[in-house]
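Visitor: I am new to this structure and would like a close look at a single part of it, the surroundings of the ligand. Please take me through that part with care, and then show me how the rest of the chain is put together.

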Amino acid sequence: MQALPKVQPDPKFPRRILIVDDEPEPLRAAARVLRRAGYDVSTAEDGQGALTGLSRGRFDAVVSDISMPGMDGIALLRSIRDVDPEVPVILLTGVPAIETAVQALDHGAYKYLVKPINPEQLVDVAAKAVRLAASRRDEMEPIPSSKRLFHPTDGLSSTLELALTNIRLVFQPIVKRDGALFGHEALMRCNLPQLVNPEALIEMANSLHRLEELGRTARRLASAVFTGKKRLDTLFVNIHPSELYDGELLNPNGALTPHAPNIVLEITERASVRSMGDLQQRVAELRAAGYRIAIDDLGAGYAGLSSFIQLEPDVVKVDMSLVRDVDQSKKKQRLIENLVQLCGEMGTLVVEGVETTAERDALFAVGCRLMQGYLFARPAPNPEPAVF
Ligand code: G
Ligand code: MN
């Protein structure tokens, strides 16, 4: 089995995380969780202490509370950006608010988590942040090729070749309030055992600079739903921000070009974009060709909110982290209610990952109309044009 680089923690060189919180109990709890997950954790009780820590050594990620006396989390983030433009910063808040979210994203926060923190989520987000830090550093400090005994991606290339011929799509319906079908999302899957997680496949293609090939392969498969007897009407297709610039999307012979009016391109904002200006212009070109644009995973991080405001998407997909147990969280209900209102003015809102009837009913109550999730249907190989 091929090992993917940068994903495995190395016990000899644990990754370093700095946690900042003025409240001792959550500080201790977060430190305990991350130490148990194998990180080398340092703590600070305020922004000044954090900056001192950062000046003394390199950290792979920073986790900071927003609300702190003196220097708050946003001010700390700004100061960190002055000295280290790359280190991922995860912000924690007890009171989610769009304004602080927007401020934070302007300064490049990596994620925004709502307290009380779920330990599993913290470990998951920290792992992703640390991985991002590692990949950014690798980009910034490349080993001169003359010093390499072998190319670091040898072997990976052949795995990717094999993966590209083993990709398939599954389709998950998006349903309206009355159960009628609104559309389907196409989701990529790979049959190779080491790449069953599509994120690993995307990460691998990205590290080999071959995302474009992966995207084209997926789109060619997706175009099949518009031919034959059982044609679909609206198809949501995931697309990495860098792939938006692929000329194939506008080429008359491109796989999806003839079907553009039936396609909603879901832009995941987990990856950075060249510049917002470029992106806005490109999105305008894609729209002119007939595509609709969705922002995917809104609420998973600040970047989503930023692009939401600037791209004026046709559809906004709310991340399942905001949906999970929404029936038990007044904060999540309030946040989603605000998003529903914001989207009422700018586009359509879809809530993803709905798993229980209690979540569904709470979402109905705050005005959600379009839903997707295991409660309605799991992703399946053969989409039905009219499932409901
Ligand atoms: O990032 P994006 O929203 O495109 O990813 C959606 C992923 O979530 C897919 O891999 C899909 O299989 C999965 N998924 C879809 N519905 C549910 C759900 O109800 N619960 C969970 N946990 N995952 C879901
Ligand atoms: Mn998606």
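Guide: What follows begins at the ligand and then turns to the protein chain around it. Please keep in mind that this is a predicted model, and that the values below are computed from it.

Around ligand 1 there are 16 residues, and those that come nearest are Gln 172, Arg 189, Glu 352, Glu 355 and Tyr 374. For three of these, a particular atom pair can be described. Arg 189 places a polar side-chain atom 2.7 Å from an oxygen atom of ligand 1, while Glu 355 has a polar side-chain atom that lies 2.6 Å from a nitrogen atom of ligand 1. With Tyr 374 the atom concerned belongs to the backbone, an N or O atom that lies 2.7 Å from an oxygen atom of ligand 1. Taken on its own, ligand 1 has 520 Å² of accessible area, and the protein covers 78% of that.

Two elements, β7 (181–190) and β10 (292–298), each give two or more residues to the shell around ligand 1, and β7 gives the most, with three residues. If you sort the residues of this shell by character, you find seven charged, five nonpolar and four polar.

Turning from the ligand to the interior, the largest nonpolar core has 62 residues, and the members that touch the most others in it are Leu 201, Leu 235, Leu 265, Leu 349, Val 351, Leu 363 and Cys 368. The element that gives the most to this core is helix α12 (residues 330–346), with five residues. Leu 349 can serve as an example of the packing: leaving aside residues up to four places away in sequence, Leu 349 touches Val 316, Val 318, Leu 339, Val 340, Cys 343, Cys 368 and Leu 370. There is also a second, separate core of 21 residues, which includes Val 62, Ile 80, Leu 91 and Ala 104.

Finally, the chain as a whole gives these details a setting. The protein chain has 13 helices and 13 strands, and of its 388 residues 46% are buried. Among contacts with a separation of 6 or more, 67% are between residues 24 or more positions apart. On the outside, the protein chain exposes about 18900 Å², of which carbon and sulfur atoms supply 51%.

Definitions and conventions:
Residues are numbered from 1 along each chain as its sequence is written. Chains are lettered from A and ligands numbered from 1 in the order in which they are written. This is a predicted model: local features need pLDDT of at least 70, side-chain atom pairs count only at pLDDT 80 or more; totals for chains, interfaces and linings use all residues. Side-chain values use heavy atoms; hydrogens and water are left out. A residue is near a molecule or strand if one of its heavy atoms lies within 4 Å of it. A polar contact is a pair of N or O atoms within 3.5 Å; within protein, one must be able to donate a hydrogen and the other to accept it, and residues adjacent in sequence count only if both atoms are side-chain atoms. Accessible areas come from the Shrake-Rupley method with a 1.4 Å probe; for residues, only the protein chains shown count as cover. Helices (H or I, at least four residues) and strands (E, at least two) are DSSP runs, numbered from the N terminus. Ala, Val, Leu, Ile, Met, Phe, Trp, Tyr, Cys and Pro count as nonpolar, Asp, Glu, Lys and Arg as charged, and the others, Gly among them, as polar. A nonpolar core is a set of buried Ala, Val, Leu, Ile, Met, Phe, Trp, Tyr and Cys residues joined through side-chain atoms within 4.5 Å. Buried means under 20% relative accessible area, exposed over 50%, partly exposed in between (1.4 Å probe, protein chains only). Contact means heavy atoms within 4.5 Å.
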